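Me: I've got a structure here and I keep running into labels I'd like to see justified. Can we go through them one by one?

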Amino acid sequence: MQEREQWGSRLAFVLAAAGSAIGLGNIWKFPYITFENGGGSFVLLYLFCIAIVGLPVIIAEMMIGRATKKSPVAAIEELAGKNSPWKIMGIMGVAASFIILSFYAVVAGWVMHYVYLALTDTFSTMKPDDFGTLFGKIYANPGLNLFWSTIFMGATLFIVMGGVKGGIEKAVKILMPVLIVIMVLLIINSIWLPNDGFMKAIKFIFIPNGGLHGAAILEALGHAFFTLSLGMGAMLTYGSYLDDKTDLFKAGLIVAALDTVIAIMACIIIFSIMFAYEGEVGKSVGLVFISLPQEFIKVPGGFFVAVSFFLLLFFAALTSAISLLEVPVAYLIDKGWDRNKASFTMGVSIWLVSIPCALSGSAWWQGTFKNFGFLEDSFFKNKGTFFDKMDYLASNWFLPVGGLLIALFVGFAMNHVLRSDQFKIGTGTQRPIHYKPWLFFTAIISPIIISIIILIEAGIIDKNLVNQFFDGLLGNKTEIKQIHK
Ligand code: PHE
C-alpha cells in the first residue's frame, strides 16, 4: 500500500476546497439563474440554502474523508462495513463526477475559445448582432468543441497526475490568488461605469423583490449543492488528505463564505456592465458568452476587461475540474492502482463520455441521433439538449440525493465518539458549543429540506402548492424586466 498523500498546509487545503467550490457554477451559472429568477429574492433564498443546508453538509463531507483518510467508496466501507448499502453514496459520487465533468469540459472549452477571441481582440471588430451568431456557430461546431474540451481535459489530467502536493496544491496556490485579484480589479472597475450601472446591480442583487416562483427553490437548492461541490465526494476526497489538526467547522465556513462572496461578486461585475450599457441581459447560457462580450467593447479598457474576465472563468473552471477528476482517481488509488495509471484511465474515460456533450449542439449530431430523442420520452422530458440533461441529472438528482445520504449517514450511522472527536479537533475545547447545533442541522433540518425538494422534483409534492406558498410569502409578482430599469 502506498503512503497516503497529504496537503502541505492548512492553507493549501482551504485553497483547494475553495478552488473546487468556486467554478463555472459561480461565475457563469449563478448570474444567469439569478437573473432568470428576478434577483434579490432569489439571492436571499440561495443564501438561506447555503447556510441551512450547504454549511452543515460540507462539514459532514469533509469529516467522513478526514476520519477515514479514504475516498468515498473506501471510506464508507471502513465506517459501515464492506457490504453496507451506504456504499451506494460513494458509487453515485463516482458516477456524478463523470456526468458533471462531461459537460463541464465543454463549457470550459467555450471559455478557452473566448480567452483566445479576447486575446486576439476579436470582439472589438464585431457588430452587436454578430455576438449571438458567433456563439451559435461555436455551439454548433463539433470540431471546435471537441478540440477545446480535449485540451481542457488534458490540462486537468496533467495536474491530477502530479498528485496532491505536486499537482493540485501547486496549481491552486497559483490560480486561486490570481483569481481573487482579478475579481477585485473587475469590481473596482465596475464602480465607475456610466448610468449608475454599479448601484443598479447592487440593488438588483440585494433588494428582495418578490417575483419568485416555486421552481426557484428547486434551483436554489440544486445550485447550492453544485456550487459547493457537495453530494458527490469531492469535499470528502479533499478532506481525506487533511491532517488531524484542522478545525473542520472553521474550514467549511471559510470555504462556503469564499464561494458565496465570489458568486455575488461575479453578479456585481456582470450586472454592472449590463445595466451600465442597458444591454439586453441574456437568460441562460448566453449571458456570459453573448450579452456580456457585446458590452465589453463599450467598457473603457474593454480589451483588458474581456481578457481578464475569461481568464478568470478559465482558472475557476480548471480548479473545479481537478477536484471532479480526483474523485474517481482516488477511488482507483484506494483499490491499489498507482496514480498515473488511475489518472490516465479515468481522464480518458471521462473524455470519452464528454464527446456526446461536445457534439450535442451540432446539426450533424442532432440529425443523426435526434439529440437522443428517446430520452425525451423518459424522465428527461423537456430538459433541453443532451448537454442540459446531464446538468439537470447532476444538479437536481445526484447531488441532492448524495447530500441527503451524507447528512443522514453522519447524523445517524457514524460512530458518535468518532464524530464528536472529529468535530472537536482544532477547536481548542473539549465541548465546542456549536457541535449540537451543527448536528441538529445535519441530521434533521438538512434531510427534511432536501427530502421535500426531492419529492417536489419527483412530482410527488405538487409544484403549484409551492408556488402558492411563495406568492403568499412574498406577495407581489413584479415583472423581472421592470426591476433594474
Ligand atoms: N463547484 C463547482 C462550480 O461551482 C462545480 C463542481 C461540482 C465541482 C461538484 C466539483 C464537484 O462550478
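**Checking the labels**

Reply: Sure. This is a predicted model, and the shell around its ligand has six nonpolar residues, eight polar ones and no charged ones.

Me: What makes a residue part of the group that surrounds the ligand?

Reply: A heavy atom of the residue has to lie within 4 Å of the ligand. By that rule 14 residues surround the ligand, and Ala-21, Gly-25, Tyr-104, Phe-226 and Ser-229 are the closest.

Me: Why does the pair between Ala-21 and the ligand count as a polar contact?

Reply: The cut-off is 3.5 Å between N or O atoms. A backbone N or O atom of Ala-21 is 3.0 Å from a ligand nitrogen, so the pair qualifies. Leu-24 passes too, because one of its polar backbone atoms sits 3.1 Å from a ligand oxygen. For Phe-226, the distance from a polar backbone atom to a ligand nitrogen is 2.8 Å, therefore also within the limit.

Me: How much of the ligand's surface does the protein bury?

Reply: Alone, the ligand exposes 320 Å², and the protein buries 100% of that. The space the ligand takes is the largest cavity. Elements giving two or more residues to the shell are α1 (10-21), α2 (24-36), α10 (214-227) and α14 (302-334).

Me: Why are Trp-28 and Tyr-32 called an edge-to-face aromatic pair?

Reply: Ring centres must lie within 6.5 Å, and planes over 60 degrees apart count as edge-to-face. Here the centres are 5.6 Å apart and the planes 75° apart, so both tests are met. The two residues both lie in helix α2, four residues apart, about one turn of the helix. The structure holds 35 aromatic pairs.

Terms used: Residues are numbered from 1 along each chain as its sequence is written. This is a predicted model: local features need pLDDT of at least 70, side-chain atom pairs count only at pLDDT 80 or more; totals for chains, interfaces and linings use all residues. Side-chain values use heavy atoms; hydrogens and water are left out. A polar contact is a pair of N or O atoms within 3.5 Å; within protein, one must be able to donate a hydrogen and the other to accept it, and residues adjacent in sequence count only if both atoms are side-chain atoms. Accessible areas come from the Shrake-Rupley method with a 1.4 Å probe; for residues, only the protein chains shown count as cover. On a 1 Å grid over the protein atoms alone, a cavity is a set of points where a 1.4 Å probe fits but cannot get out, and a pocket is an open set with protein on both sides within 12 Å along at least five of seven lines; lining residues have an atom within 4 Å of a point. A molecule sits in a cavity or pocket if more than half of its atoms lie within 2 Å of its grid points. Ala, Val, Leu, Ile, Met, Phe, Trp, Tyr, Cys and Pro count as nonpolar, Asp, Glu, Lys and Arg as charged, and the others, Gly among them, as polar. Rings of Phe, Tyr and Trp (its six-membered ring) pair if their centres lie within 6.5 Å; planes under 30 degrees apart count as stacked, over 60 as edge-to-face and the rest as tilted.
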